[in-house]
Amino acid sequence: MYPLGKLLETAALASEILDHLSIEVKQLKEKGIEPTISVIVVQGDPASECYAKVKQRIARRLGIRYLLTFVHSQVTETELLERIKWLNRCPTIHGIILELPLPKHLDAARLAAAISPEKDIDGLTPSNKLACFTGNKGLYPATPLACIRIMNYFGYTLEGKNVTLIGHGETVGKPLVQLLLRENATLTVCHKYTKDLRMHIEKADVLITAVGKVGLISADMVHRNLIIIDAGISETKNGIMGDVQPEVAEFVKAMTPVPGGVGKVTTMLLFENLIKAVHLQTSKRKREVDQRESL
């Protein structure tokens, strides 16, 4: 379909999603609902602070209320839990993001689990992880969704294809396994204990990598018919880098660049999750009212 070395740049896809979201935000405001996100950044990780501000700029373009809070690096777990509980109770807050990574003295899993599932637009709570596993209604993690959306956008089917996924982390790899299986892909999952990575890549039609290790995939590991989705993001002195060496694009059928690939769509899908969260909360409140009236 595409010449060798096709770069799957996602600016047009991200713009398409943004336009659709702008319409949805306008419709919600006409109903008296102002979509609102609360973002908590624990100071100390420059990349997290930068990403939070990137999302803030997009929120402004969409007309979304974006409450950005920076807390000191020595904040206690109890303090953060109290803040999250307050945000959970606040009816005008529709989405909560706790930027990762956190300092070592904080339990990220415990804090994420404290977020109300209907406001968990990162898809990190146990309830939303289970929903992703089963296919039930919920808020799924944005990066796995972005990988699938990009493949669909460029016309690459996953059904019946051999997909090699590198990385089985909690936020990308594990949820992506479920999404790929629902696309009827034939899936191989590789990780740090995999002995011969090249052999698994040789058999793949599609390679998705989500490790966060710069230059993990080199040109001698790939083949001409391979499609690569690079979801690995690393901050380096030379800027943001992916798991795949940039020159690999010349030796495969198609590949997402870093930056300019998965990350752009991931950010847009976070805001798409926010709109889903608004509808989930509206439906929940309506059910609660109906139940009270029926008593």
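Which residue forms a salt bridge with arginine 149? The close-ups below start there, and the model they show is a predicted one.

**View 1. Arginine 149 and glutamate 272 form a salt bridge between two helices.** Glutamate 272 is the partner, and the closest N and O atoms of the two side chains are 2.6 Å apart. Arginine 149 belongs to helix H6 (residues 142-153) and glutamate 272 to helix H9 (residues 262-294), so this pair ties together parts that are 123 residues apart in sequence. How accessible are the two ends, buried or partly exposed? Arginine 149 is partly exposed at 28% relative accessibility, while glutamate 272 is buried at 15%. Elsewhere, Lys129, Glu170 and Lys174 are joined into one network by salt bridges that share partners.

**View 2. Arginine 110 and glutamate 77 meet in a salt bridge.** Here the N to O distance is 2.6 Å. Because arginine 110 sits in helix H4 (residues 108-113) and glutamate 77 in helix H3 (residues 77-89), the pair ties together parts that are 33 residues apart in sequence. Glutamate 77 is buried, and its relative accessible area is 17%. Across the whole structure, a search finds eight salt bridges.

**View 3. Lysine 85 and glutamate 82 form a salt bridge within helix H3.** The closest N and O atoms of this pair are 3.9 Å apart, which is within the 4 Å cut-off for a salt bridge. What separates the two residues along the helix? They are three residues apart in H3, so about one helical turn lies between them. Lysine 85 is partly exposed, with a relative accessible area of 41%, and glutamate 82 is also classed as partly exposed, at 45%.

**View 4. Isoleucine 37 is a well-connected member of the largest nonpolar core.** This core has 58 residues, and Ile37, Leu180 and Ile208 are those that touch the most other members. Helix H9 provides the largest share of the core, with 10 residues. Which residues does isoleucine 37 touch once those up to four places away in sequence are set aside? They are Ile64, Arg65, Tyr66, Leu67, Gly95, Ile97, Ile121, Phe271 and Leu274.

**View 5. Threonine 164 is buried in strand E5.** The strand covers residues 162-166, and threonine 164 has a relative accessible area of 2%. Which contacts does threonine 164 make beyond its neighbours within four places in sequence? The list is Thr188, Cys190, His200, Ile201, Ala204, Val206, Leu207 and Ile208. Ile208 also appears among the core residues that touch the most other members.

**View 6. The largest pocket holds about 1,500 Å³ of space.** Its lining is made up of 48 residues, and those nearest the centre are Tyr51, Thr143, Ile233, Gly263 and Thr266. Which helix gives the most to this lining? H2 does, with nine residues. Helix H1 (11-30), helix H2 (46-62), H6 and H9 each supply at least two lining residues. For anyone thinking about chemical character, the lining divides into 27 nonpolar, 11 polar and 10 charged residues.

**View 7. The largest cavity has a volume of about 60 Å³.** How many cavities of 30 Å³ or more does the structure hold? There is one. Ile96, Ile97, Leu98, Leu100, Ala108, Ala112, Ile115, Asp120, Asp122 and Leu124 form the lining of the largest cavity. Strand E4 (95-98) and H4 are the elements that give two or more residues to this lining, and E4 contributes the largest share, three residues. By type, the lining has eight nonpolar residues, no polar ones and two charged ones. Ile97, one of the lining residues, is also among the residues touched by isoleucine 37.

**View 8. Alanine 11 and valine 262 are paired across a wide gap in sequence.** The two residues are 251 residues apart in sequence, and their C-alpha atoms are 10.0 Å apart in space. Alanine 11 is found in helix H1. Is alanine 11 buried or partly exposed? With a relative accessible area of 46%, alanine 11 is partly exposed.

Definitions and conventions. Residues are numbered from 1 along each chain as its sequence is written. This is a predicted model: local features need pLDDT of at least 70, side-chain atom pairs count only at pLDDT 80 or more; totals for chains, interfaces and linings use all residues. Side-chain values use heavy atoms; hydrogens and water are left out. Helices (H or I, at least four residues) and strands (E, at least two) are DSSP runs, numbered from the N terminus. Buried means under 20% relative accessible area, exposed over 50%, partly exposed in between (1.4 Å probe, protein chains only). A nonpolar core is a set of buried Ala, Val, Leu, Ile, Met, Phe, Trp, Tyr and Cys residues joined through side-chain atoms within 4.5 Å. Contact means heavy atoms within 4.5 Å. On a 1 Å grid over the protein atoms alone, a cavity is a set of points where a 1.4 Å probe fits but cannot get out, and a pocket is an open set with protein on both sides within 12 Å along at least five of seven lines; lining residues have an atom within 4 Å of a point. Grid points are joined across faces, edges and corners, and a volume is the space filled by probe spheres set on the points. Ala, Val, Leu, Ile, Met, Phe, Trp, Tyr, Cys and Pro count as nonpolar, Asp, Glu, Lys and Arg as charged, and the others, Gly among them, as polar.
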